[in-house]
Amino acid sequence: QVQLVESGGGLVQPGGSLRLSCVASGSFFSIRAMGWYRQAPGKQRELVATITTSGSTNYADSVKGRFTISRDNAKRTMYLEMNSLKPGDTAVYYCNADTLVGPVSYDYWGQGTQVTVSS
């Protein structure tokens, strides 16, 4: 099993920046990729960015050029640096870990951290 704990959310003005962190514990070796997802009120959860164990990244078009995903395997921590924030970025942000143990894959989720972009 993998446990994920996010932190770093908060209230920020448009154009501001935040950095989210996600610390993983448990069966870290089983993680194939990690990612950030977000869910705004009344909307479905959507992909923000993902990063593989080798460091390959993928971003939603809406955040390309503004957000940067990274990970520090030694610290078992993933980050999301968010710049030029817009009100449309307001959502609960969730950390995800995609794991594989033998033939079985499973997704783990954190509890979420609220990001509010407002003046």
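**Exposure, salt bridges and positive phi**

User: Why is Ser84 called partly exposed in this model?

Analyst: The model is a predicted one, and in it Ser84 has a relative accessible area of 41%. Buried requires a value under 20% and exposed a value over 50%; because 41% lies between these two limits, Ser84 is classed as partly exposed.

User: What makes the phi of Ser84 worth pointing out, and where does Ser84 lie?

Analyst: Ser84 is not a glycine, and yet its phi is positive, at about 50 degrees. Most residues other than glycine have a negative phi. Ser84 is placed in the loop between β8 and β9.

User: What is the sign of phi at Arg76, and why is Arg76 called partly exposed?

Analyst: Arg76, which is likewise a residue other than glycine, has a positive phi near 55 degrees, and its place is in the loop between β7 (67–72) and β8 (77–82). Its relative accessibility is 36%, which is neither under 20% nor over 50%, and therefore Arg76 counts as partly exposed.

User: How do you know that Arg32 and Asp98 form a salt bridge, and which strands do they belong to?

Analyst: The N to O distance between their side chains is 3.0 Å, and the cut-off is within 4 Å for a side-chain nitrogen of Lys or Arg and a carboxyl oxygen of Asp or Glu, so the pair qualifies as a salt bridge. Arg32 belongs to strand β4 (residues 31–39) and Asp98 to strand β9 (residues 91–101), so that the pair, 66 residues apart, links distant parts of the chain.

User: Why is Arg38 called buried, and how is Glu46, its salt-bridge partner, classed?

Analyst: Arg38 has a relative accessibility of 6%; because this is under 20%, Arg38 counts as buried. Glu46, by contrast, stands at 36% and counts as partly exposed. The two side chains meet in a salt bridge with an N to O distance of 2.7 Å, and Arg38 and Glu46 also belong to a network of salt bridges that includes Arg66 and Asp89.

User: What makes the contact of Lys64 with Asp61 a salt bridge, and why is Asp61 called exposed?

Analyst: The closest N and O atoms of Lys64 and Asp61 are 3.2 Å apart, and because the limit is within 4 Å, the contact is counted as a salt bridge. Asp61 has a relative accessible area of 66%, and since exposed means over 50%, the term applies to Asp61.

User: How many salt bridges does a search of the whole structure find?

Analyst: The search finds five salt bridges.

Definitions and conventions. Residues numbered from 1 in each chain as written. Predicted model: local features only at pLDDT ≥ 70, side-chain atom pairs only at ≥ 80, totals over all residues. Heavy atoms only, no water. Helix = DSSP H or I, 4+ residues; strand = E, 2+ residues; numbered from the N terminus. Buried < 20%, exposed > 50% of the residue type's maximum accessible area, 1.4 Å probe, protein only.
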